[in-house]
Amino acid sequence: NRRLDEWVKLEQLDLDSVETVVDEKVEDKVASLKMTRHQKRKIDETHVEVGHEELDAASLREHEEFTKVKNIATIELGRYEIETWYFSPFPPEYNDSLKLYFCEFCLNFMKRKEQLQRHMRKCDLKHPPGDEIYRSGTLSMFEVDGKKNKVYGQNLCYLAKLFLDHKTLYYDVDLFLFYVLCECDDRGCHMVGYFSKEKHSEESYNLACILTLPPYQRKGYGKFLIAFSYELSKKEGKVGTPERPLSDLGLLSYRGYWTRVLLDILKKHKGNISIKELSDMTAIKAEDILTTLQSLELIQYRKGQHVICADPKVLDRHLKAAGRGGLEVDVSKLIWTPYKEQS
Ligand code: ACO
Ligand code: ZN
């Protein structure tokens, strides 16, 4: 999964266990690598002559190579020092720093601790910018419009990319809303995770990227954020689905959520129920319901139709395997109206 990849020093390698037999396939690969490098030089030469920068396949490949290696190794954010997982395209002037210091409220980042300390003395934010749309106990959700808070949105994307491998970074934060989850205390509201959502999605995506910061993972916040995204869809009167591809951890969390929500309904429901009805009740897209129930082997194909077959004992077994429910979203505490473009 490439998480936590890093450069290692020679002393860190255990050379005693290296096998000396050279695999022929490896040799073939090395030969073909050399070929491509040679070819690449040729392409580069023609490129200089012709001058088609944007269309150059070699530089594209070079970019892919470049982003393979992690640039920032750790970040400081609030009370935590966090090891990063992946490359994130910070502006070039930050690329020589192994560690970055983030203001946990406005998410501005700096290269030196003293800069952060100076910043903290004058930064007057104590929570994410935008509207608090949910509060229950010490948990709050803030809705941040990327158009109104561009710098915050961009900072959040840089930060999130450090933990998201397969997502391309959107610089166009105008088109997104960010839902930032915070634990609040007398010092302020401390971000623990977030999800982003397109203001208008043609593909009925109700979530673009989701992240729980590593120190807060495995506490149920991921499930809370997923549940929250579906509560927003219900208020919009739409069905939704997360943007693809899902990461390994993303898929695990979604599968767990879908399984629990659907099986809870099937357990309580008397009589027949269709996938459409399940979709209307949960705002989960019909395809996701179908794949979830299929993977649990609760669907049979009879007389040209998908039929849900739910034996109570089987349901209980699956529910147990799906794990804990996580933190509940208390819908009565959500004060929100769907996004409308202001003219
Ligand atoms: N190992 C095994 N299972 C895991 C792990 C793990 N490290 N992390 C989560 N899970 C599974 C478990 O089933 C867990 O339930 P359980 O704790 O009851 O067993 C379930 O996923 C969700 O657990 P939560 O505590 O609710 O989720 P968490 O707060 O850890 O957040 C998330 C999940 C958001 C996916 C987090 O792992 C993360 O931020 N990962 C990095 C970014 C990422 O991959 N995001 C998804 C990309 S896809 C997209 O954005 C559309
Ligand atoms: Zn700040």
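User: What makes the pair formed by glycine 222 and ligand 1 a polar contact?

Analyst: In this predicted model, a backbone N or O atom of glycine 222 is 2.8 Å from an oxygen atom of ligand 1. A polar contact is a pair of N or O atoms within 3.5 Å (within protein, one atom must be able to donate a hydrogen and the other to accept it, and residues adjacent in sequence count only if both atoms are side-chain atoms), so the pair qualifies. Glycine 220 also places a backbone N or O atom 2.8 Å from an oxygen atom of the ligand, and a polar backbone atom of threonine 212 lies 2.8 Å from a ligand oxygen. Of the 970 Å² of accessible area that ligand 1 has on its own, the protein covers 86%; such areas come from the Shrake-Rupley method with a 1.4 Å probe, and for residues only the protein chains shown count as cover.

User: How are residues and ligands numbered, and which limits apply to the model?

Analyst: Residues are numbered from 1 along each chain as its sequence is written, while chains are lettered from A and ligands numbered from 1 in the order in which they are written. Local features need pLDDT of at least 70 and side-chain atom pairs pLDDT 80 or more, whereas totals for chains, interfaces and linings use all residues, and side-chain values use heavy atoms, without hydrogens and water.

User: How do you know which residues surround ligand 1?

Analyst: A residue is near a molecule or strand if one of its heavy atoms lies within 4 Å of it. The shell of ligand 1 holds 26 residues, the closest being Thr212, Gly220, Lys223, Ser247 and Arg324. Strand S10 (210–212), helix H5 (221–236) and helix H6 (248–268) each give at least two of them, and H6 has the largest share, 4 residues. Helices (H or I, at least four residues) and strands (E, at least two) are DSSP runs numbered from the N terminus.

User: Why is the site of ligand 1 called a pocket?

Analyst: On a 1 Å grid over the protein atoms alone, a cavity is a set of points where a 1.4 Å probe fits but cannot get out, and a pocket is an open set with protein on both sides within 12 Å along at least five of seven lines; lining residues have an atom within 4 Å of a point. Ligand 1 sits in the largest pocket, which means that more than half of its atoms lie within 2 Å of the grid points. This pocket holds about 960 Å³ of space. Its lining has 43 residues, with Gly222, Leu249, Gly250, Leu252 and Ser253 nearest the centre, and H6 supplies the largest share, 10 residues.

User: What lines the second largest pocket?

Analyst: Its lining has 18 residues, of which Ala227, Tyr257, Val261, Asp264 and Glu328 are nearest the centre. H5, H6 and helix H7 (275–282) each give two or more residues to this lining.

User: What makes the peptide bond between arginine 244 and proline 245 cis?

Analyst: Omega is about 0° for this bond, and the bond is therefore classed as cis. Proline 245 belongs to the loop between strand S11 (241–242) and H6.

How values were computed
Grid points are joined across faces, edges and corners, and a volume is the space filled by probe spheres set on the points.
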